[in-house]
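Here are my notes for you, written as numbered points. Keep the structure open while you read and look up each residue as it comes along.

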Amino acid sequence: MVLSTMWPDTWEALTTQPSPGANDPHQRARTLLTGHGIRVPHAFDNVKDLAEARAKAAEDPRLALAVAEAEDGEITQFLAGVPVLLERYRTAPEGAKALIWAAMDARRLGYSYGLPLSFLEAAAPGYLSDAQWHRVVRQGDWLRRALDYTEADCRGTRGPLTPNRPRPDSAQSAQPDYRLAEPLDQHGRIERHYERPPASFWIAAAHHLTDVEGLLRLAEAAERRGHFRHMAELHIQAAAPQSWKALAKHREAYDDLAGAEAAWQAAATVGDLDSWWQLARLREDAGNRRGAEEAARQASHVGDDSVWEALVVRRMEAHNVAGAEAVAQAAANVGVSAGWAKLAEEWEERALWLGPWAVEDEEAGRWEDAEAAWRKAFQAGDRRGWLWVVQLWNSEGDGAAAEAAALTAARSGDASGWMRLAELRENAEDNTGAERAARAATEAGDSGVWEWLAEQRELDEDHAGADAAARAAADAGQAAAWARLAKLRGNAAYQRAAAKAAQQGLGGDEQVALVRRASSLAGDSAWQAAAEAGEHSAWTELAKGREEIGNSTGAEEAAAAGAKTGNTHAWVRLAQLREKAGKREGAEAAAREAAKAGDSSGWAWLLKIREDADDHHGVDMAYQAAAAAGYHKAWTRLAVLREAAGNRQGADAAARVAAAAEETSAWVKLAKQREEAGNRKGAEAAARAAGKCGDDSAWWALAKLREEAEDLAGAKAAWEAAAEVRDSGTVWREVSVLREETGDSPGAEEAAREASKYGDGSAWATLAVLRERAGNQQGADAAAGAGTKVGETAAWSRLAELREGAGDIEGAERAARAAAEGDDGGAWLRVAELREQAKDWDAAEAAWQELIEAGFSKAWAYLATLRKRNGNTTGSEAAWNEAARAGETGAWVQWTLSRGGQRTKEQLDELCRWGIDADGAVSAPWSVTSLLSA
């Protein structure tokens, strides 16, 4: 049998019947093929096909790559085209390869968007030597020739570098964007990981790329490589707030204050408000105070007055009071009062901070300074100065001026001036003036002053005045004022009654009854007023108080009224009070009323009280009544109680009723209860009943109880039963562990595979560790290898640690190597470090080399340090070079220093300030300002 594949267009050419009289070159092929074709779907476009492909991909890395990267499910085309694509890249002409390299570098360094043709054209020449460039341009129209090569399809997949072709109804770009083929993108990230892009790449990026996020990532890549000028150019090209801020912070960190100032200015100009303060701070610290104030003025023009405040604080912290006042006045000159207000707050803080350590005159002076600043803030339009102004003028007896100040503050949206004025007048026993201020505050939108007045007058035993204030508060929507009065009056009556009882020699129940009655009577009218005014929680207090003085009818009326407003707690409270007083029928009646209103907590309280009293008959009757009233959780509790009393048949009956109401927890609790009592058969029966309702938690509970009792076989059976109810990775992982511990290794592996299907590959790692500790190293390796196939590499790392700790260096390295191959370099890193600690330098270098081969580029820096320690200067320089090429932070400095020998501090400062060029030479000084104007 011969089996072959071909593309649809080839099939059509070979099998189509030619027109009469036309040449028929494929007659034999048509005879062979017709009727024998098996159509392969164009794409894996349904869930089932994709699921099967993913399952097979676990065993075939080529298929895994195709499943992950193929466009629109075109897996077949991907598999057929990728080898051709890679071959086309390897054999590409010099011009085409330069374009591909530029695209690879852009992608791997963070630019994940379409690449403009202008960028590719400008970047590519730098990838070619002079001789190569001469050959390319001598052929003529080099760019077109190169693009013709990269755009050609590769057996149904995109060519190496192809244009993005927008649909007719989508936005069209001014010039074509190009896209690197995904397999080449992945290939380039490995092949070019240690390649240093030429200067033409960075320059082209800064002139032709436009996506802000991509430019920011390229700027970060340039910074890691020490290319500070290119970094700055990329940030300038991005021209976004975050790019300017990143540039400003970088230049400031390297003492390029002029560059930082230019960048902060640019960031502020494009709308980043915080940058105005950063600009002001930079200028202030550099002694340019006029420039700092100018930055604050510019910030105010765009709506941010906080820079003035920050400058005031900065100067006060520097003990420059005159400078702070100058800032405050400069702000006031442009209509901003925030400077004086902040200065006033600073003086207040200093006065408070001095506290008991202050000389009296010094503390008084601070308050005087604060008062003066608040006056100026108020004059400049800041209504936060009302506190000082209103209080000052009122204390001086100028009530009209105080009211005028409060009115001005209120009209600006701050009604709290009236509140302060009301407080001052009430304390001065000017009740009429206080009420006038309260009415004004209410008109301005702040009715809280009435509640304060009511409380103050009640405390002064002015009950009539308190009632008047509370009525005014309620009229303004503050019904809580009545509730507050009720509490105050109840508490006061309680204290008086307690004192009277003590005088009369009353004690015990008589005293309690007396004080409760007095308290309830005193607060009744206020609670009634509060409830009627809309304070719905007052119905509960009203019902409680009436019940305590024996007015059950009134209590029920209050509870019913509260229920109509949605407050069912009054019925619940009545149920509690009556139950405690021995009025069971009344308690149950109240609980039923609460339940009718949708609140079953009354039953919960009654049941708890009766359980605590060991009233089994009463509990059973109450539970049945509660369940009949719709409190379904009662059946669960009833089942537990019956089980405890030995009534298992009754317990099962209650659990079945609970389960019918979707309360399956009854079966779960019965299972645990029976297991703990040693009734394993009954426990399993309850767990099965829960499982039939779809609840596997009973089996979970049994499994854990049996594990705690070291009954591994029983626990395993429970976990397996749980898995039958509902599959999950966690359950199968537990099954795997228990099977292994009971000697069923094949069953353990089967369970681990089941866990993996549900996304939990950690079962393999657990198995590996169990076997390693049991001395079964071969079995541990097998489990770790199985874990790697499903993406779980932690097993190898853990094995490496265990073997290293046991002194098995060879076994540890074998495990570490497997971990590294699974993209986990941490194990090898530990091995390398341990070898260095043991001063086994050759072995350590071998470990670092292994890490490098596994793609852990940070290892170059470790290797460079190791070689230098061993006197291998040339090798150290080479390693630093590789680290720098990979963009490892700080490696470029070490590489530059290793090449240039000893440098003075000034030379090192210059190196760190200006960075290095793409060819590795130390950059000449440059400035952000000159780059901006270029």
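1. Let's start with a puzzle: how far away from D304 is the nearest side chain of opposite charge? That side chain is K245, and it is 11 Å away. D304 is buried and has no salt bridge. Some terms, then: buried is under 20% relative accessible area, exposed is over 50%, and partly exposed is in between, using a 1.4 Å probe and protein chains only. A salt bridge needs a side-chain nitrogen of Lys or Arg within 4 Å of a carboxyl oxygen of Asp or Glu. For charges, Lys and Arg are positive, Asp and Glu are negative, and His and the chain ends are not counted.

2. Before going further, a word on the model: it is predicted, local features need pLDDT of at least 70, side-chain atom pairs count only at pLDDT 80 or more, and totals for chains, interfaces and linings use all residues. Residues are numbered from 1 along each chain as its sequence is written, and side-chain values use heavy atoms, with hydrogens and water left out.

3. Now the overall picture. The protein chain has 54 helices and 3 strands (DSSP runs numbered from the N terminus: H or I of at least four residues for helices, E of at least two for strands). Of its 934 residues, 46% are buried. Take the contacts (heavy atoms within 4.5 Å) between residues at least 6 apart in sequence: 50% of them join residues at least 24 apart.

4. Back to D304 for a moment. You'll find D304 in the loop between helix 17 (289-301) and helix 18 (306-317). If you skip its neighbours within four places in sequence, D304 is in contact with L273 and A299.

5. D304 goes without a salt bridge, but the structure holds 25 of them. One of these joins R135 and E94, with the closest N and O atoms 2.6 Å apart. R135 belongs to helix 8 (residues 130-138) and E94 to helix 6 (residues 94-108), so this pair ties together parts 41 residues apart in sequence. R135 is partly exposed at 35% relative accessibility, and E94 is partly exposed too, at 26%.

6. Helix 6 also has a salt bridge between D105 and R108, at 2.8 Å from N to O. The two sit 3 residues apart in helix 6, which means about one helical turn separates them. That fits a handy rule: an α-helix has 3.6 residues a turn, so residues three or four places apart point the same way. D105 and R108 are both buried.

7. Two other charged groups are worth a look. R680 and D711 form a salt bridge with their closest N and O atoms 2.2 Å apart. R680 is in helix 39 (residues 680-692), while D711 is in the loop between helix 40 (697-708) and helix 41 (712-725), 31 residues apart. Salt bridges also link R107, E182, D185 and R189 in a network.

8. On to the rings. Rings of Phe, Tyr and Trp (its six-membered ring) pair if their centres lie within 6.5 Å; planes under 30 degrees apart are stacked, over 60 edge-to-face, and the rest tilted. That gives 7 aromatic pairs. F201 and W202 have ring centres 5.1 Å apart and planes at 85°, so they are edge-to-face. Both F201 and W202 are buried. Ring pairs join F119, F201 and W202 in a cluster.

9. F228 and Y254 make a tilted pair, 5.2 Å centre to centre with 45° between the planes. F228 is in helix 13 (residues 228-238) and Y254 in the loop between helix 14 (241-253) and helix 15 (257-269), so the pair ties together parts 26 residues apart in sequence. F228 is buried at 1% relative accessibility, whereas Y254 is partly exposed at 28%.

10. Last stop: helix 53 (residues 905-914). Which of its residues are buried? They are L911, R913 and W914. Seen down the helix axis, they fall within an arc of 170° (taken from the directions from the axis to the C-beta atoms), so they line one face of helix 53. Just after helix 53, G915 has a positive phi of about 80°. Finally, the C-alpha atoms of R913 and A253 are 8.9 Å apart, although 660 residues separate the two along the chain.
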